[in-house]
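Colleague: Please take a close look at the aromatic pairs in this model. Walk me through the rings, the strands that carry them and the core around them.

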Amino acid sequence: MVNSATNGFKQNGAFIDRMEGGAFIFSADDSHRLLYANDKLVRLFECKNAEELYEHVNSCFDGMVHDPSPQIINNEIADQIKNSTNGSGYVFYNIMTKTGNVRRVVNHWTLVHDDDYEDIFYATVYLHKLDSASNDYDSLTGLLNKNRFGRFATERNRKCFADGD
């Protein structure tokens, strides 16, 4: 029998680093602070080590998202949580590597409660090709397509109106 108290994610780092794609853990509170990043995530962001990755993304999930507004991605996750029966889902977004390359990824996440860290997200990211109509980006330009742009513009207009801008 596996004792979950002694087999936390810190001890399982070797297993996580053998997974396909990047794996990371971040807090579910408003800070979205990164708690763990595996070596493949470090390489996906073209960083030399975890410290360089944390610096590049300001040690938070929002710093990983290279889209017009990370809040759109956070809202998509929040909507999926509301409609989920198992506390998991996925989102598409762009990242910018330390060397300036923009990459499209799909992020599969699961929200769990941890006694030490409260609510946290376990997430894996994989490179995603821009050839899918379901990803809200134009396959030729990589820019927001009409539907995604409409949602983005509506949200920004609401925010500006609420802020009095």
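Modeller: First, the terms: helices (at least four residues) and strands (at least two) are DSSP runs, numbered from the N terminus. Keep in mind that this is a predicted model. The protein chain has 5 helices and 5 strands. Along the sequence they follow the pattern α-β-β-α-α-α-β-β-β-α. Buried residues account for 37% of the 165 residues in the chain.

Now the rings. How many aromatic pairs does a search of the whole structure find? The search gives 7. One of them joins F26 and F121. This pair is stacked, with 4.8 Å centre to centre and 20° between the planes. F26 sits in strand 1 (residues 22-27) and F121 in strand 5 (residues 118-127), so the pair ties together parts that are 95 residues apart in sequence. Are these two rings buried or exposed? Buried means under 20% relative accessible area. F26 has 2% relative accessibility, so F26 counts as buried. F121 has a relative accessible area of 5%, so F121 is buried as well.

Set that beside Y90 and F92, which form an edge-to-face pair. Here the centres are 5.8 Å apart and the planes stand at 90°. Y90 is partly exposed, with a relative accessible area of 45%. F92 is buried, at 14%.

Ring pairs also build a cluster. Its members are F24, F26, F61, Y93, W109 and F121. F26 and F121 are thus part of a group that ring pairs link together.

Next, the strands. An open sheet of 5 strands runs in the order 2-1-5-4-3, and its pairing is antiparallel. Which strands stand at the edges? Strand 2 and strand 3 (88-96) do, each with a single partner strand, so one side of each has no neighbour in the sheet. On average, neighbouring strands of this sheet are turned by 25° against each other, direction ignored.

Look at strand 1 from its other side. Strand 1 is joined to strand 2 (residues 34-37) by 3 bridges, and the two run antiparallel. F26 has L34 in strand 2 as its bridge partner, and I25 stands opposite Y36. The two strands form a hairpin with 6 residues between them. H32, in the turn, has a positive phi of about 50°.

A37 belongs to strand 2 too. A37 counts as buried, at 9% relative accessibility. Not counting residues up to four places away in sequence, A37 touches A23, F24, L53 and Y54. F24 is also a member of the ring cluster. The C-alpha atoms of A37 and T124 are separated by 9.8 Å, although these residues lie 87 residues apart along the chain.

Then the packing. Helix 4 (residues 70-83) lies across strand 3, strand 4 (102-114) and strand 5. The helix runs at about 175° to strand 3. In soluble globular proteins, nonpolar side chains tend to be buried together. The largest nonpolar core holds 24 residues. Which of them touch the most other members? They are F24, L41, F45, L53, F61, M64 and Y93. At least two residues of this core come from each of strand 1, strand 2, helix 2 (39-44), helix 4, strand 3, strand 4 and strand 5.

F24, F61 and Y93 also appear in the ring cluster. Y93 touches F24 and F61. Other residues that Y93 touches include M64, V65, I73, V105 and V125. Polar and charged residues are on the list as well, among them D67, R103, R104 and N107. That count leaves out residues up to four places away in sequence.

One polar detail sits in strand 4, the place of D114. D114 has 17% relative accessibility, so D114 counts as buried. Its side chain reaches the backbone nitrogen of Y117 at 2.9 Å.

Last, the wider view. Among contacts in the chain with a separation of 6 or more, residues 24 or more positions apart account for 44%. The stacked pair of F26 and F121 links positions 95 residues apart.

Terms used
Residues numbered from 1 in each chain as written. Predicted model: local features only at pLDDT ≥ 70, side-chain atom pairs only at ≥ 80, totals over all residues. Heavy atoms only, no water. Phe/Tyr/Trp six-rings, centres within 6.5 Å; stacked < 30°, edge-to-face > 60°. Buried < 20%, exposed > 50% of the residue type's maximum accessible area, 1.4 Å probe, protein only. Pairing = 2+ DSSP bridges. Axes fitted to C-alpha atoms, helices over the stretch in contact; angles between N-to-C directions. Contact = heavy atoms within 4.5 Å. Polar contact = N/O pair within 3.5 Å; in protein donor to acceptor, adjacent residues only side chain to side chain. Core = buried A, V, L, I, M, F, W, Y, C linked by side-chain atoms within 4.5 Å.
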